[in-house]
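Colleague: I would be grateful for a close look at one part of this model, followed by a connected account of its surroundings.

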Amino acid sequence: MHFVPNITFGHPVVESLRKQLGQDPFFDMHMMVSRPEQWVKPMAVAGANQYTFHLEATENPGALIKDIRENGMKVGLAIKPGTTVEYLAPWANQIDMALVMTVEPGFGGQKFMEDMMPKVHWLRTQFPSLDIEVDGGVGPDTIHKCAEAGANMIVSGSAIMRSEDPRSVISLLRSVCSEAAQKRCLDR
């Protein structure tokens, strides 16, 4: 597997956004890089709230999780479509968020991989309080499947940016996730 050696929106951009926007926005850094260890401190200093790394990109997830926490950030752990959810499971109680990629990482506008939803459902069943994020091809046509499977955090790029009414797309994504979460609480 191959991750990029560098990052698109690096810590200088994060630092600039933090200065402009203040402390309110939650900055989750999805680090699709080789050697994610090298960016922990710069991202923490820049004002990142959560550092999400790919399980496939490190040889020592435990040490990286510890380093992220020691630098004052929440921990997100991502898996690519070809990685089994069981590979993530041993770390689930040490992280704040699990990210199930619903496309191959790398570029926007890809087709949503519905066959990733059993991973989301399994994580939700095994770890009910864990934040579970999906990223890739998520929009008005796919959000119901994501939310019903148990995702409560959504990354949606193309569906929002290419929409004539981005605010209504964001509102729909939020409401579908919120309703699914409420239904899960009632079903317990």
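Is leucine 17 buried, partly exposed or exposed?

Modeller: The model is a predicted one, and leucine 17 is partly exposed in it. Its relative accessible area is 38%, and this value places leucine 17 in the partly exposed class because buried means under 20% and exposed means over 50%. Leucine 17 belongs to helix H1, which covers residues 11-21. On the surface, Leu17 joins Phe9, Val13 and Leu21 in a nonpolar patch; together these residues have about 380 Å² of accessible area.

Beyond this helix, strand S1 comprises residues 28-31. In a regular strand, side chains alternate between the two faces of the sheet. In S1, Met29 and Met31 point to one face and are buried, whereas Asp28 and His30 point to the other face and are not buried. S1 pairs with strand S2, residues 50-54, in the parallel sense, over four bridges. Within this pairing, methionine 29 stands opposite tyrosine 51 of S2. Helix H2, residues 40-46, forms a right-handed β-α-β unit with S1 and S2.

As for the cysteines, the structure contains zero disulfides. Cysteine 177 holds the cysteine sulfur closest to that of cysteine 146, but the two sulfurs are 7.4 Å apart, which is too far for a bond because a disulfide requires sulfur atoms within 2.5 Å. Cysteine 146 is buried, at 0% relative accessibility. Cysteine 177 is also buried, with a relative accessible area of 8%.

Technical notes:
Residues are numbered from 1 along each chain as its sequence is written. This is a predicted model: local features need pLDDT of at least 70, side-chain atom pairs count only at pLDDT 80 or more; totals for chains, interfaces and linings use all residues. Side-chain values use heavy atoms; hydrogens and water are left out. Patches are made of residues with over 30% relative accessible area and no salt bridge: like charges are joined within 9 Å, nonpolar side chains (Val, Leu, Ile, Met, Phe, Trp, Tyr) within 5 Å. Accessible areas come from the Shrake-Rupley method with a 1.4 Å probe; for residues, only the protein chains shown count as cover. A salt bridge is a side-chain nitrogen of Lys or Arg within 4 Å of a carboxyl oxygen of Asp or Glu. Helices (H or I, at least four residues) and strands (E, at least two) are DSSP runs, numbered from the N terminus. Buried means under 20% relative accessible area, exposed over 50%, partly exposed in between (1.4 Å probe, protein chains only). Two strands pair if DSSP finds at least two bridges between them. A crossover is right-handed if, with the strands pointing away from the viewer, the path from the first strand over the helix to the second runs clockwise.
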